[in-house]
Amino acid sequence: MTTSKGAGNEGAGADKGQRTRASGGSGASGGGTPAAPPTGPAAGAPLSPVRVGTYVLLLVTGVLVALAGTLVQAAWFPGGLLLALAGTGGLFYGGAKATGTASGVLVPGAAWLVTVFLLLSDVRPEGDFLFGPGLGSYAFLLGGLVIAVICATAHQLRTTAVPHGRVGG
């Protein structure tokens, strides 16, 4: 007994990878939901020498931006503070764009954090220190942390976003 083409074979095309109206795409897509396009290297991708070099460069740059920001924010108070915070934001955003992973924000962020809070905030026995007790120092410390969190969160939202598509099929 033969069946007509339209009577009972609606779902047969999905098994062969053909597009049907019910599935919304190929049979491999799983329920018609479009998959997010790959935006960068996978989280579990093996480290290549180029990626390791990029992370080392971001680490060193994080230390240098922390040192420069510490000196600049105190030297030229209103403009220096804005310049130092813009430098940290540029570093964190650039690290995320350069690597395509959240580690691009976390590596320079950790280097900046360790440099600013542990190495530069320490008061020496002679009484020398780089951070004064003014509002600018606290704004630089907290502002850098907030910028790092914003850049890391924004990167996570960009990588997990589902692309816009048709609703209904």
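These legends go with close-up views of a predicted model.

**View 1. The whole protein is built from helices, with zero strands.** There are five helices here (DSSP runs of H or I, at least four residues; a strand would be a run of E, at least two; both numbered from the N terminus). Along the sequence the pattern reads α-α-α-α-α. Of the 169 residues, 28% are buried (under 20% relative accessible area; exposed is over 50%, and partly exposed lies in between; 1.4 Å probe, protein chains only). Among contacts (heavy atoms within 4.5 Å) with a separation of 6 or more, 68% link residues 24 or more positions apart.

**View 2. Helix α2 covers residues 49-75.** With 27 residues at 1.5 Å each, α2 should span 39 Å, and its end C-alpha atoms are indeed 39 Å apart (the expected span is 1.5 Å times one less than the number of residues). Buried residues of α2 include Arg51, Tyr55, Leu58, Gly62 and Val65.

**View 3. Leucine 59 sits in helix α2.** This leucine 59 is partly exposed, because its relative accessible area is 42%.

Numbering starts from 1 along each chain as its sequence is written, and side-chain values use heavy atoms, leaving out hydrogens and water. Since this is a predicted model, local features need pLDDT of at least 70 and side-chain atom pairs count only at pLDDT 80 or more, while totals for chains, interfaces and linings use all residues.
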